[in-house]
Amino acid sequence: MNRERSHGSIQTSRAIIVMTLLFIVGFASGYYTDTLFSSQTVVWKEDVAWRTESISISGSTTVLPIANACAIAFMNKYPGTSITVTGGGSGRGYSEVIDGVVDIGMASRPPKQKEINDAKEKGVALWLYPIALDAVCVVVHPSVNKTLKLTLQEVGKIFAGIYTRWSDVDPSLPDEPIYVVVREPGSGTRGTFEEYVMEPYGYDVTDAAHVRPSNPAVRTTIETTPYSIGYVGLGFVTSKMVVVALAEEEGEPYIYPSIENIASFKYPISRYLYLVTSTRPESGSLADRFIDFILSPEGQEIVEEQGFLKLPRYPAGV
Amino acid sequence: MSGQTGEKVIFAILGVPMLICILIFLWILSLLLTGIGTVRWELFTMSALRGGMLEMIVGTIYLLLGAAAVAGPIGVLAAIYLVEYAPSGGLTRIIDQAINNLAGVPSIVIGLFGYTFFCRHLGLGVSLAAGWLTLALMMLPIVIRGSEEALRMVPASFREAALALGATRWKAISSTILPAAAPGVVTSVILGMARVAGETAAILFTSCVLITRGLPKTPFEPVMALSYNLFVQIVALGAPAQRVFGITLVLFMIVTSLSLSAILLRSYYRLRQPWLRMKG
Amino acid sequence: METRSFKKGLPKLFMHLRSQPIEFVLFLCASFSVVILLLMLLFVVMEGSLAFTRLGTQLILGQMWKTNSDLYGGFPLIYGSLMVVSGALLISIPLGICTSIFIAEILPFQLRDPIKSVIELLASIPSVIYGFIGVTFLAPLIASIFGLQSGATAFTASLILAIMVLPTIVGVSGETISAVPIEYKEAALALGASKWQTIRNVILPLSKSGMLASVMLGFGRAIGETVAVLMVAGNVAMVPTPPWNYLAPVYPVTAVIAMQMGEAAVGSLEYSALFGLGLILFIITFAVNTIADVIVRRRPVGRSVQL
Amino acid sequence: MVNDAKVDIRNLNVWFGDNHVLKDVSFKIREKAVTAIMGPSGCGKTTLIRAINRMNELICGCRTSGEVYINGHNIYDGNINVYELRRKVGMVFQKPNPFPKSIYENVAFGPRIHKMANGREIDEIVERSLREAALWDEVKDRLQDSAFNLSGGQQQRLCIARALAVKPEIILMDEPCSALDPAATTKIEALIRRLSKRYTVIIVTHNLQQAARVSDFTAFLYEGRLIEYSDTKSVFENPRSELTKNYIAGKFG
């Protein structure tokens, strides 16, 4: 028995040693990497407070690539600062800013009345900072037509399910069912699209619409699905899809979402992308500097890299 | 003789599904391997701020170790109670049922619960700690069941010998049965970690962010994790294949090495411990 | 090992526990699962209560899920979930059970462990990766085979789910097969029964309930799967026409929760309806687990020979 | 010594992995007699009888060389139907192992899988086998009961009946009494004596008295080698080998 016992306890101790080693290795590697990150820290002569601050950002998945890339660039430029970015959607961006969960929200649409009311109730004001210009581009699979032109109302009818076959829209188009792709409710892209295309005509999105959680997901679906139609932000248009030229009404000119047309707001579904704060950030604070960074030429360069349009000028807080 | 050919036909029919399983595995493996060529290995040791994935790897390890630290002790103690103390009454049956049901709760529901209870009700917010607790809930049934099995494998004579020497019940358990079952217990914890390492739905709302600087310094800060990052990279950012394959590969390696080490540990101790060999 | 120490009533148990602090701690740990399960139920019900009072049975039976118009009818979603899961099980049950029999009984000894490990490894591939594979490789394949517009269908989701639950079914039913005492096998073989006769007449009857349990476990895994399903199911909140059309897109419950949860304002009807869906999912898995539990407990004949 | 050999074992070697369990065993077993195989634990007794119905090959890592002739046919020949072989060579195990089925179904299992009979004929086979195993009178009123409701000795006799039901020629018994009490053992031993009038019985035992009581011939196995083989009387009263003498004297074992 005695032998068995000692045998047993050797095994426990070995198991415990292994577990402890695992823990030590895990956490040690953590500390090691931590020192890696902070090793570039230089002592700054002035104005040090903001360099050790941290802020958090959440919201629209459309703005997410911009915020992600800008946060990485900013943190690389100013070691010591910490910017935490996560997605969610425009709705989450507004609600978390109002609740004070995050410092900055991301939104691809202006606040809804309900969100403004909520903010008032909580006694905060919403500060919107346009950081980029975007267009919601209506796109179709090349199998539909290489140069498609539609009025807003026709697009609305397609997304409302009133037209179910392409030949319903125009007899010259193929006699095939329309595959409608939309974004999830709460998405700013969807909000913007519906505001211009559906709501003016009192249309509601058809039940048969295929829901996708993000611009890339819509892009992939359109690229791979014949006779499909959907909408994506300008940055997600690729050569494997056809961009539709839109007219406000029958008889008006059909306009492509070219850079000039978006910047001059001729293209009907142009929009700003925003960062949102609940108070005006204190001058010189990290939040203030980060917003300034995105609006600086360097930040606007990143905006362009991510497939969006630079702001025509640098507007201040709205 | 004709009976034997008939049997061969049946076996062949039964064998086809296994071949299909193996082909599926090889197919998936080949898909992953075609991605390897595009992966730059230095990504693994580079900070996310420089385009690497070091924080995600370490963050995943943080999440796993923390969850194991929560679920491990609770699970082992629960297993000891169930094997050694539990009266065979209604209460024990309820506990048994609850463990089975907990194992079956969809991870998205665990995520929802974690979000309302840990993040909002307990005020932990989106944080490492909330992730630990949420993942621990998923690990717990695996740890309990695995430890129970390990404890039951230990011959009764061990404990009886200790009791006969005048040890108290707890002393008998902690000095004889627990050491003998320790490898099995550790295996169950590792298996639990393997099960939750690739988990996305449970940490989607509770503990992860896309980018932040470095690693959390307190448990109340959010963390970057491979599975969540992979999800966002694919779904929301439409990241290039190279990035996706890189993260996929690391995640696969972590999960696989955990499962493999559990399998190896189990078979190693099967060989080492004679009483296990008899039963196994 | 079955010598459980004391068989007393509940009140006596508590008295006993109070006098033994260690046992009390052990008891607390064991009942932790019960507490968590109750808490889970409580919180999900609490968050979902608004939806239940405002929507009532609409949440389960309503045909329209339209967040824009505050319509939250969960029927197409629940139907989609069940459809995808039953498709997955239809594929994976025969595949999994045949595989487990083949591995445990027919495969040469040397190959058993390696092949079992290979299939166990399938379980260790994270679900995001399955989703990714489904979107980039499987869906286009399905679309071209069936001549569909898009490969994002219930069938694709079922296929991916089937692959994901295969290891569970193979593992658990393989375990029950190898748990059949070797004495029974030897007895049959010594009578001159062929391998297949032994499998059919001795091993299968004895491992039936375990196999059923493995299927139930697979069901639980499949219905709770989120990320992979979200990526390949097509996500249309409508019951397909005809209802058994597997080549149509569906919008499973888990996908809805994952997609809308991040954006629903806390406390809104939408938020509450999502928790209501979570509760429905919770109840379905709870029921399935309980059934599995009852089946496994009600073994027809004792396992071991008492001498 | 044995001329009318039912089983003829020649140069039998068995390995389990690297473990050489049986070394060059050769002997002949006579028809319609009881042959006991005795020896200390681990000497290869069980392996030897499991070689006679090729049950060893179910164990991982087993290799066999040499020949075993039954009725003049080498059972390790490629064209032997192993299932038919096992039908002809019944086996009773150390621990009673009835199937978790009714008493009736246990006995009927063999005839059913071999399609030897159907309907009423099976009833007859069941009754005949149970009578032969001296169990009929004890169970005739409860044939549909679970086999687990029987006592250990009854279960073992049920297993014998089950083996008899497929009309074997040879019955292998692997320490059939080691798990039973003395009363049940006596019954089984009497049964074995009776069975030897119609069947060739080969019984493994490490109980010397049992070997002396029931067997006509005795083989003594030690560390995988056949040390001595002769009629029981001469093995016990006049052993030729020193090892056998010591074993019988109880000096080891």
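**Pairs, sheets and a buried phenylalanine**

Q: Which residue of β5(D) is the bridge partner of D:Y69?
A: The partner of D:Y69 in β5(D) is D:N74. This comes from a predicted model.

Q: What makes β4 and β5(D) a pair of strands?
A: Pairing takes at least two bridges. Strand β4 (residues 62-70) of chain D is joined to β5(D) by two bridges. The count meets the cut-off, so the strands pair. They run antiparallel.

Q: Why are β2 and β5 of chain D called edge strands?
A: The open sheet has four strands, in the order β2-β1-β4-β5 (chain D), with antiparallel pairing. Strands β2 (19-30) and β5 (73-74) of chain D each pair on one side only. A pair needs at least two bridges, and that test is met on just one side of each, so they count as edges.

Q: What does α1(D) touch on this sheet?
A: Helix α1(D) packs on it, touching β1 (5-16), β2 and β4 of chain D. The helix direction makes about 120 degrees with that of β1(D).

Q: How do you know that β3 and β9 of chain D pair?
A: Count the bridges. Four join strand β3 (residues 34-38) of chain D to strand β9 (residues 217-222) of chain D. At least two are required, so the two strands pair. Their run is parallel. As one example, D:A36 has D:T218 in β9(D) as its bridge partner.

Q: Where do these strands sit in the open sheet of six strands?
A: The order is β6-β7-β8-β3-β9-β10 (chain D), and the pairing is mixed. The edges are β6 (89-92) and β10 (225-231) of chain D. From one strand to the next, the twist averages 15 degrees. Helix α1 (residues 45-52) of chain D lies across β3, β6, β7 (170-174), β8 (200-205) and β9, at about 155 degrees to β8(D).

Q: Why is A:F236 called buried?
A: Buried means under 20% relative accessible area. A:F236 has 5% relative accessibility, so it counts as buried. The residue sits in the loop between β8 (228-233) and β9 (242-243) of chain A.

Q: Which residues does A:F236 touch, beyond those up to four places away in sequence?
A: They are A:P65, A:N215, A:P216, A:R219, A:M241 and A:F308. A:F308 is 72 residues away in sequence, yet its C-alpha is 8.9 Å from that of A:F236.

Q: How do you know that chains A and D do not touch?
A: Contact means heavy atoms within 4.5 Å. Chains A and D do not touch, and their nearest C-alpha atoms are 24 Å apart. Among the five pairs of chains that touch, B and C have the most contacts.

Conventions. Residues are numbered from 1 along each chain as its sequence is written. Chains are lettered from A and ligands numbered from 1 in the order in which they are written. This is a predicted model: local features need pLDDT of at least 70, side-chain atom pairs count only at pLDDT 80 or more; totals for chains, interfaces and linings use all residues. Side-chain values use heavy atoms; hydrogens and water are left out. Buried means under 20% relative accessible area, exposed over 50%, partly exposed in between (1.4 Å probe, protein chains only). Axes are lines fitted to C-alpha atoms, for helices over the stretch in contact, and angles run from 0 to 180 degrees between N-to-C directions.
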